[in-house]
Amino acid sequence: MIPGSPERAALLQNAVRGRSLWDDAARRLLRNKAAVTGMVVLAVMVVLAVVGPWLVPYHYDTVTKTDVWMGPLQSGHLLGTDSLGRDLAARLLAGLGVSLAIGVVATSVSLVIGVLWGAVAGYLGGRIDEIMMRIVDTLYSLPFIFFVILLMVTFGRNIFLIFLAIGAVEWLTMSRIVRGQTLSLKSKEFIEAARAAGLSSGQIIIRHIVPNLLGPVVIYVTLTIPAVIIAESFLSFLGLGVQPPMASLGTLIATGAQDMEMAPWLLVFPSLTMVVTLMAFNFIGDGLRDALDPKDR
Amino acid sequence: MLRFLFRRLLVAIPTLLLVITVAFFMMRAAPGSPFVNERQLSPEVEKAVMAQFGMDRPLVEQYVNYLKGVAVGDFGPSLKYRDKTVLEILQANYKVSLTLGGLSMLLAAMIGMSLGVIAALRQNRVADYLTMGIAILGVCIPTFVTAPLLVLVFASKLGWLPTAGWNDGALANLILPITVLALPQIAVISRLTRAGMIEVLGSNYIRTARAKGLPESLIVRKHALRAAIMPLVSYLGPAAAGLLTGSLVVEKIFNLPGLGKFFVNSALQRDYTVVMGMVIVYAVLILVLNLIADMLYAALDPRVRLS
């Protein structure tokens with residue numbers, strides 16, 4: 001058959017397209033009902049957090065003295081109001097946005113540190129690997145939440161610091177996972193080929209090792225985001241996180257807990273939002289794990 | 001075993017030193033001082049107070065002095081609670097935290113293991129889905145959500161239990177805090193037990209035991225469970241850390257006079273010595289529990305050799 005001939009073109013068109021690892025994984029993921037539900041819920045949450053503030057006729061910080069302690073559906077407040085007459089729906093949407101943003105940004109911080117640390121340790125091996133992993137082990141055995149609390153006390157309650165502090169805590173597990181993967185990748189032929197082609201260690205790590213770590217890293221990222229959201233809310237609950245008038249799910253739950261005798265809706269709606277968000281992430285994470293690592297079921 | 005213990009203790013000392021160093025300098029870098037809060041002290045008085053606590057010295061000298069004190073078990077005086085040493089404060093408050101942590105760990109282990117075994121034996125059936133569903137909920141609902149919600153329902157609305165307070169450790173006052181602390185642990189433990197059981201039940205020696213005609217209950221209890229709970233042993237360390245974090249929230253919400261409540265307050269009030277004391281206590285606790293977990297692991301599983 002001549003290349004470029006009509007017969008060959010027809011044959012190529014009818015040929016079965018190969019399925020890549022990612023095609024397979026996507027197929028398995030989409031068959032997983034819990035994971036798909038999680039993704040849909042999360043998509044709705046993100047859209048609500050982004051466009052929501054324009055849908056609600058109130059600003060999250062507008063104090064309406066006449067509308068204090070309104071229950072849900074009273075005088076135009078879908079989810080009621082708090083002790084200052086601020087609309088809970090508006091505050092909830094703003095808080096959801098802040099919590100999601102902190103989750104994504106802090107996870108990115110931990111992602112960068114963890115992946116680089118683990119890949120370098122695993123790739124270089126030997127004494128350097130031992131020292132780097134011993135540092136991780138040591139940090140693991142520290143009462144970390146206390147250091148985060150100290151950090152917040154020391155440098156003031158700055159939202160960027162929350163990103164940094166939580167991200168700096170969450171990278172440890174990531175670096176362990178990445179190191180393990182790197183160790184097994186290191187002996188593969190394509191790495192040897194890259195080395196034979198004269199690439200430096202840094203180039204090999206960035207161009208060949210890191211892209212091949214994607215699977216386990218993606219799984220762990222979906223499980224880190226909810227952990228970060230919990231950590232931020234925990235700090236906010238203790239009064240060390242996001243500062244008023246800004247809201248996060250944690251601050252809303254904290255004020256809701258204070259006022260729950262008077263206005264239970266202030267506790268119930270933020271708690272519900274938090275739980276649904278966290279469950280969505282967990283279902284997606286579990287689904288991704290099953291999809292990308294089918295032998296582990 | 002003894003050599004292993006010795007080596008681990010040798011590693012633990014620099015770890016502890018690191019904890020103390022970082023905490024010490026971070027605390028001192030914080031703006032504010034323990035003596036400026038309430039009344040405005042005149043400069044002379046403030047100077048005198050600073051000198052009394054040795055805080056007029058260079059920071060490094062203070063650090064060395066502090067380390068010397070800690071080495072002989074002297075954690076210094078509290079800067080906020082006059083006439084009390086850090087040790088006295090720790091001694092007066094550790095019981096609440098210990099009771100809460102110990103009881104909730106015990107409860108979590110019993111319930112979590114039972115649920116895990118049931119789920120594994122009924123794999124992919126209703127009981128399995130039900131327990132694992134509950135477990136996912138347990139992982140997803142943080143303590144600062146369960147605590148106020150349970151208080152709202154069982155204390156405020158139904159009035160069955162007190163809303164807060166310690167009341168000398170009366171059972172009614174303990175139920176809610178312990179439940180709140182135990183729930184996330186139950187979730188993790190039941191998942192670990194289930195995974196372990198499923199793996200073990202498929203192994204060859206279980207098939208041998210079945211072929212011998214042993215009753216199923218005996219196989220589960222004597223043969224399978226012993227191997228299946230191995231992952232739980234290494235979970236001991238992280239579980240302790242989780243309980244410590246949880247106790248910060250629980251002691252605040254239920255207004256319990258434990259260490260966790262003290263920690264946050266002392267950090268905010270710049271009570272340097274008390275904060276340092278707590279950090280050291282918690283770090284030692286986590287180090288010791290991790291050590292115990294490693295040793296237990298070796299004792300239960302003869303395949304693991306400590307080296």
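Contacts in chain A of this predicted model often span long stretches of sequence. Among contacts between residues at least 6 apart in sequence, 69% join residues at least 24 apart. Chain A has 12 helices and 0 strands. Of its 297 residues, 44% count as buried.

The overall dimensions were computed next. The C-alpha atoms of chain A fill a box of roughly 80 × 55 × 30 Å along the principal axes. The radius of gyration of chain A is 24 Å, whereas a compact globule of 297 residues would have a value near 19 Å.

Helix α11 of chain A covers residues 249–258. Of its 10 residues, 9 are buried, so the helix is largely enclosed by the rest of the structure. The buried set runs through Leu249(A), Gly250(A), Thr251(A), Leu252(A), Ile253(A), Ala254(A), Thr255(A), Gly256(A) and Ala257(A). Both chains contribute to the cover over these residues. From chain A, the cover includes α4 (88–124), α10 (214–237) and α12 (265–292). From chain B, it includes α6 (143–157) and α10 (230–253).

The contact between the chains takes 29 residues from chain A and 37 residues from chain B. On the side of chain A that touches chain B, the elements giving two or more residues are α6 (144–155), α10, α11 and α12 of chain A. The largest share, 8 residues, comes from α6(A). By class, this side of chain A has 22 nonpolar, 6 polar and 1 charged residues. Helix α11(A) thus appears in both analyses: its buried residues are covered in part by chain B, and α11(A) gives two or more residues to the side that touches chain B.

How values were computed:
Residues are numbered from 1 along each chain as its sequence is written. Chains are lettered from A and ligands numbered from 1 in the order in which they are written. This is a predicted model: local features need pLDDT of at least 70, side-chain atom pairs count only at pLDDT 80 or more; totals for chains, interfaces and linings use all residues. A residue is buried if 20 or more other C-beta atoms lie within 10 Å of its own, exposed if 12 or fewer, and partly exposed in between; C-beta atoms are placed from the backbone. Helices (H or I, at least four residues) and strands (E, at least two) are DSSP runs, numbered from the N terminus. Two residues are in contact if their C-beta atoms, placed from the backbone, lie within 7 Å. Ala, Val, Leu, Ile, Met, Phe, Trp, Tyr, Cys and Pro count as nonpolar, Asp, Glu, Lys and Arg as charged, and the others, Gly among them, as polar. The radius of gyration is taken over C-alpha atoms; the globule rule is 2.2 Å times the number of residues to the power 0.38.
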